[in-house]
Amino acid sequence: MSLDFTRGEAPVALSPEERGQDAIEEARRQVQICNACRYCEGYCSVFPAITRERAFADGDITQLANLCHNCRGCYYACQYAEPHEFAVNLPRALAEVRSDSWERFAWPHGLAGTFQRSGVALTAALVAGIAALFLALAALAPASGEGFYAYLSHAAMVAIFAPAFLFPVVALGVGVRRYWHETGGGPVRWAHLKEAALDAGRLKNLSGGPAQGCNYENGDRFGNARRHSHQAVLWGFLLCFASTSSGTVLHYVFDAPAPYPLWSLPKLFGVPGGLLLTVGAFALAWLKTKADPALGAPSRWGGEMAFVLLLGLTGLSGLVLYAATGTVLVPALLALHLGAVLALFLTTPYSKMAHGAYRFAALVRDAQGRAA
Amino acid sequence: MNGTLESTLWDVIVVGGGNAGLCAAIESAEAGARVLVLEGAPEPYRGGNSRHTRNFRCKHEAPLSVLTGAYREDEYFDDLIRVTGGKTDEALARMTIRTSEECLPWMERHGVAFQPSLSGTLSLSRTNAFFLGGGKALVNAYYNTVEDLGVTVAYEAEVTHVAVEGGRVQGLDATIGGQTVRLEARALVLASGGFQANLDWLASAWGEAARNFLIRGTPYNRGAVLRDMLDQGADSVGDPTQCHAVAIDGRAPRFDGGIATRLDCVPFSVVVNRNGERFYDEGEDVWPKRYAIWGRLVAAQPEQVAYAIIDAGSLELFMPSLYPPEKADTIEGLGQRLGISGPKLRETVDAFNAACRDGAFTPTELDGLATEGLDPPKTNWARPIVEPPFYGYTLRPGVTFTYLGLKVDETARVSAGGARLANVWAAGEIMAGSILGQGYLAGFGMTIGTVFGRIAGQEAAAHVA
């Protein structure tokens with residue numbers, strides 16, 4: 001008695017050489033298997049989106065890839081995962097398509113390949129950012145000023161950071177437009193935006209549906225550590241953004257320039273925001289070291305890790321800077337923090353940071369698909 | 001590791017690490033027993049046929065977890081009688097049905113997550129609770145649970161002989177990772193499945209035609225333990241010549257193709273054999289009520305193969321297939337692509353088309369659109385096949401499970417010569433023939449496995465306590 005694994009005449013699995021040559025082709029092959037199986041419908045929005053189609057154009061695969069939050073529930077549940085000859089590993093197949101798509105959509109071309117793949121490149125950007133701020137501090141030292149403005153005038157800060165903020169917004173806008181065109185998105189309604197905002201704010205697609213979270217840091221065991229860490233980062237970042245925005249309003253509208261006391265909007269937003277951002281980012285980095293890299297896009301691991309650490313450093317340096325108020329450390333810490341912020345902003349369209357924009361677009365596109 | 005396994009006197013050894021075996025291991029371990037699970041497959045393929053399952057048929061008096069409405073004992077039992085044609089043990093069946101209700105919350109407490117009924121299976125939302133992610137996710141959850149309970153699991157552990165002497169089991173011979181071992185246990189739970197992956201055994205029961213069958217599930221259910229127990233006089237139940245087979249995509253892998261190789265196109269097709277001839281009413285009933293008989297119908301055709309022919313108008317009326325269909329602009333061309341006579345296929349399709357009459361075609365229900373003067377007739381959805389391109393799927397029998405098994409009583413105890421063995425229990429597919437003598441009821445295999453696995457585990461632990 002022997003095990004006879006003789007195959008039918010129409011093999012579904014590509015050879016290992018064929019796989020990986022074309023990420024979209026490989027993902028399409030796997031998605032068609034998923035559409036004939038459908039056991040995973042309860043995990044996230046990807047599978048209901050698959051069942052709405054029978055054939056998958058390149059744009060459909062791009063949309064599914066950006067909708068996938070890499071919770072990995074479907075991989076561990078898959079009866080067709082390797083060593084099965086169908087070799088289904090949907091989290092990885094979609095991760096490859098997803099990171100490729102961000103490189104394809106990025107404007108200008110080329111930079112995303114660098115910062116997504118290379119942690120060294122992102123670190124170099126950070127060093128450059130910090131150096132630029134030291135130079136600015138040395139060259140533009142104001143005659144007088146309070147708080148941080150004693151070291152770098154408000155006008156100088158605006159001159160550096162207004163473009164550093166507006167440029168990534170414009171660049172990401174171009175990228176998202178390209179995304180929308182490729183995935184066949186229609187006119188956006190408020191209802192679509194509302195659904196997408198609710199899904200993003202709760203990270204519904206990392207919840208595992210009826211399961212308790214993702215299969216990430218502990219093999220096939222479920223857990224919410226990644227989802228909660230990511231929520232800390234998301235809400236922490238938004239609070240920091242609210243802090244800066246409220247400061248801007250106080251400065252220009254109410255003629256109340258920094259420094260602000262603890263019981264002021266910028267600090268009430270900024271301090272908890274910085275804490276959440278810092279704790280969440282370092283937790284995500286730690287979880288990433290526990291997760292199986294073969295279920296993501298291994299070629300982007302370095303760039304992703306460097307990005308998470310840059311986020312954490314940005315938050316931490318801001319908190320330390322606040323704690324060091326009035327000490328001699330302020331100029332150095334100011335350069336460090338503002339340098340990190342500068343690097344984070346300028347690389348946004350090309351680093352993992354861009355995922356926020358594309359994911360949101362994918363959630364809006366999915367809301368449209370569900371409504372159709 | 002094998003040294004420790006051999007030198008330990010285990011309270012309970014569970015043979016087989018699928019749903020039934022894991023339920024038994026959990027119950028025994030929770031009762032304080034020292035438990036060893038012997039899983040025949042390597043770790044990535046652990047779980048037997050449970051890997052491929054997707055739901056649990058559950059009695060309930062009111063909405064329960066993901067289940068809607070109520071599904072009472074009598075209705076459940078009637079459904080069972082309908083599919084088995086009465087080939088069941090009523091007392092065991094009713095006990096299984098009644099116990100299923102308390103099993104669902106037990107499953108949830110032990111890590112199983114359920115999801116609402118899958119798209120395309122809304123008809124089951126009241127009766128069947130679907131596992132989130134399917135059976136492999138359930139199997140993973142149970143392996144995590146037994147690990148937390150301190151149960152030892154050995155993979156690639158194949159039992160070669162159960163030493164039954166004087167009405168009780170004295171020990172086991174097995175190979176673990178290729179090494180021969182002798183294991184000692186005070187109680188034994190047999191949960192090692194059927195023999196449907198053993199083509200030699202199938203061929204001896206079915207004839208040589210069985211060598212053309214595809215096996216939908218695990219290649220590791222070869223029935224070694226069942227054979228060994230039967231050879232030692234254990235009481236058996238179920239028809240040794242029967243297996244449950246459905247018509248699946250003929251291009252599926254020999255083993256382990258699972259759910260994705262299903263084809264739902266038959267009701268909208270003309271189905272012919274190798275000779276290009278029709279052989280059965282394709283539109284007899286809705287597909288969920290007919291897919292099971294098509295396994296045997298195809299098995300009875302020359303070379304155990306058939307071909308479903310549709311036209312462009314029907315391509316999207318059924319679930320997407322794993323493999324794309326063969327496609328041609330003419331019926332003759334399609335015949336050629338499928339490897340059957342084009343002119344003969346043309347003749348069969350022409351005769352079918354000529355027998356079709358006008359009427360409303362309604363794919364979602366029995367529409368009564370039947371052929372006239374055709375033998376065999378097509379009694380529903382008989383719409384002429386005229387719109388190119390034409391598509392064809394190859395069908396082969398896909399074996400799901402076998403019926404022959406060990407006879408057990410309501411405490412899952414195995415007997416020989418009518419006398420209960422002192423310390424051997426059985427659960428799952430290896431004893432399912434006690435209740436399911438014929439046919440199949442979706443999700444009932446997991447119910448039998450869960451109910452009897454739990455009972456076997458409790459009884460075995462009580463025996464050694």
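## Chain contacts, domains and a buried helix in a predicted model

The domain assignment divides chain A into domain 1 (23-101) and domain 2 (105-371); such bounds come from an automatic or database domain assignment. This is a predicted model, in which local features need pLDDT of at least 70 and side-chain atom pairs count only at pLDDT 80 or more, while totals for chains, interfaces and linings use all residues. Residues are numbered from 1 along each chain as its sequence is written, and chains are lettered from A and ligands numbered from 1 in the order in which they are written.

**Between the domains of chain A**

The C-alpha centres of domain 1 and domain 2 of chain A are 28 Å apart. Their contact involves 25 residues of domain 1 of chain A and 26 residues of domain 2 of chain A; two residues are in contact if their C-beta atoms, placed from the backbone, lie within 7 Å. On the domain 1 side, α3 (58-67), α4 and α5 (90-105) of chain A each give two or more residues. The largest share, six residues, belongs to α5(A). Helices (H or I, at least four residues) and strands (E, at least two) are DSSP runs numbered from the N terminus.

**Between chains A and B**

In the contact between the chains, 36 residues of chain A meet 36 residues of chain B. Of the chain A elements, α1 (23-37) and α4 (73-77) each supply at least two residues to the side that touches chain B.

The table gives the classes of residue on two sides. Ala, Val, Leu, Ile, Met, Phe, Trp, Tyr, Cys and Pro count as nonpolar, Asp, Glu, Lys and Arg as charged, and the others, Gly among them, as polar.

| Side | Nonpolar | Polar | Charged |
|---|---|---|---|
| Chain A, touching chain B | 18 residues | nine residues | nine residues |
| Domain 1 of chain A, touching domain 2 of chain A | nine residues | 12 residues | four residues |

**Helix α3 of chain A**

Eight of the 10 residues of α3(A) are buried, so this helix is largely enclosed by the rest of the structure. A residue is buried if 20 or more other C-beta atoms, placed from the backbone, lie within 10 Å of its own. Among the buried residues are D60(A), T62(A), L64(A) and N66(A). Their cover includes α1, α2 (46-51), α5, α8 (154-182) and α14 (355-371) of chain A.

**A sheet in chain B**

Three strands of chain B form an open, antiparallel sheet in the order β3-β5-β4. Two strands pair if DSSP finds at least two bridges between them. At the edges are β3 (55-57) and β4 (114-115) of chain B, each pairing on one side only. Two bridges join β4(B) to β5 (residues 128-131) of chain B, and Q115(B) has F130(B) of β5(B) as its bridge partner.

Terms used. A residue is buried if 20 or more other C-beta atoms lie within 10 Å of its own, exposed if 12 or fewer, and partly exposed in between; C-beta atoms are placed from the backbone.
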